[in-house]
Amino acid sequence: MLTWCKRALIQLTVVNCALFTALLAAFVIGSAFAKSVTAGTVTFVSPCECQGQKSGSRWPAKTDPSPAPLDTSTIQSVTPSQIYEWKGPEPNVPLTPETDTRIPAEQKWYNLTGRVVNLKVEADGDITLVLKDADGKKAGSVNTEIPVGPEWCELRKLVFGWATQSFPFSFKGSQTLEMREQHVITVTGKALFDVGHSAADRSNRRTKPKKYAVWEIHPVMALHVDQ
């Protein structure tokens, strides 16, 4: 009887130790996660859900949910190198990082076709697809961006399917994702002049990185994989 009691006591002690270890590990992980959130990181919980994201400049314009027009003849087809040659807005056009509405030039719809050469996630929750001409012969990179929101959930799932990234993950500022392959795609959306990234002369050249247009497609409202 005494031997049986000793064995039971030992087993109970082992179980309690294992339980304590598991609880301690959960507490440490939970504390680390909470600390990362309070430290200003952004966490992508899933393709469609983010925590800690921050609204960027011109946010109402960048998250305009207007659907693409049914009359496809009103949508102009362009390439990244063509957008790269566009001019910026004239100096007399009232446009600042605080401008919430779209200027007339930003009300036009485009089908932009190019190869995805870079894939990033941003602190505002956006997915940024950087496009260049499919044949790579002409200069000019153009950002196309997919915000967080129910309107863009399926697009985000599609794009994350091209990356090796697993969920959840956290970062600060932005993070480049590794892609399995570089698709040629056509995105549909309105053009937007991201004035916060333009030089003082409002030219269509980002201050950095080089050979990037300030004009972009934001938000993307439709996406087709061409190859």
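What volume does the largest pocket have? It comes to about 380 Å³, in a model that is predicted. The protein chain around it has 227 residues, 41% of them buried, and its secondary structure amounts to four helices and ten strands. Here's a quick tour, starting with the pockets and then dropping in on three residues.

**The largest pocket**
- A total of 21 residues line the largest pocket, and the ones nearest its centre are Glu122, Asp124, Glu145, Asp194 and His197.
- Two elements each give two or more residues to that lining: strand E4, covering 109-122, and strand E6, covering 142-146.
- By residue class, the lining of the largest pocket splits into ten charged, eight polar and three nonpolar residues.

**The second largest pocket**
- For the second largest pocket, the volume is about 220 Å³.
- What does its lining consist of? Eight of the residues are nonpolar, three are charged and one is polar.
- If you want to pull up the lining of the second largest pocket, select Trp86, Lys87, Gly88, Pro89, Glu90, Val93, Ile103, Pro104, Ala105, Lys108, Tyr110 and Trp215.

**The chain overall**
- Going along the sequence, helices and strands come in the order α-β-β-α-β-α-β-β-β-α-β-β-β-β.
- Take the contacts in the protein chain with a separation of 6 or more: 70% of them are between residues 24 or more positions apart.
- The exposed surface of the protein chain is about 12400 Å², with 60% of it supplied by carbon and sulfur atoms.

**Asp194, by the centre of the largest pocket**
- Asp194 is among the residues nearest the centre of the largest pocket, and you'll find Asp194 in the loop between strand E9 (184-193) and strand E10.
- Is Asp194 buried or exposed? Its relative accessible area is 3%, under the 20% cut-off, so Asp194 counts as buried.
- Outside its neighbours within four places in sequence, Asp194 has contacts with Ser57, Lys62, Arg206, Val214 and Glu216.
- With one of those partners, Lys62, the side chain of Asp194 makes a polar contact of 3.3 Å.
- Another partner, Ser57, sits 137 residues away from Asp194 in sequence, yet their C-alpha atoms are 8.5 Å apart.

**Lys120, on strand E4**
- Lys120 belongs to strand E4, one of the elements that give two or more residues to the lining of the largest pocket.
- Lys120 has a relative accessible area of 18%; buried means under 20%, so Lys120 is buried too.
- Not counting residues up to four places away in sequence, Lys120 touches Asp126, Ile127, Thr128 and Val130, plus Gln175 and Thr176.

**His224, on strand E10**
- Strand E10 spans residues 215-225, and His224 is part of it.
- Setting aside residues up to four places away in sequence, His224 is in contact with Val184, Ile185 and Thr186.
- Which side chain does His224 join in a polar contact of 2.7 Å? The partner is the side chain of Asp226.
- Thr188 is 36 residues from His224 along the chain, with a C-alpha separation of 8.6 Å.

Definitions and conventions: Residues numbered from 1 in each chain as written. Predicted model: local features only at pLDDT ≥ 70, side-chain atom pairs only at ≥ 80, totals over all residues. Heavy atoms only, no water. 1 Å grid on protein atoms, 1.4 Å probe; cavity = no way out; pocket = protein on both sides within 12 Å on 5 of 7 lines; lining within 4 Å. Points joined across faces, edges and corners; volume = space filled by probe spheres on them. Nonpolar A, V, L, I, M, F, W, Y, C, P; charged D, E, K, R; others polar. Contact = heavy atoms within 4.5 Å. Polar contact = N/O pair within 3.5 Å; in protein donor to acceptor, adjacent residues only side chain to side chain. Buried < 20%, exposed > 50% of the residue type's maximum accessible area, 1.4 Å probe, protein only. Areas by Shrake-Rupley, 256 points an atom, 1.4 Å probe, with all protein chains shown as cover.
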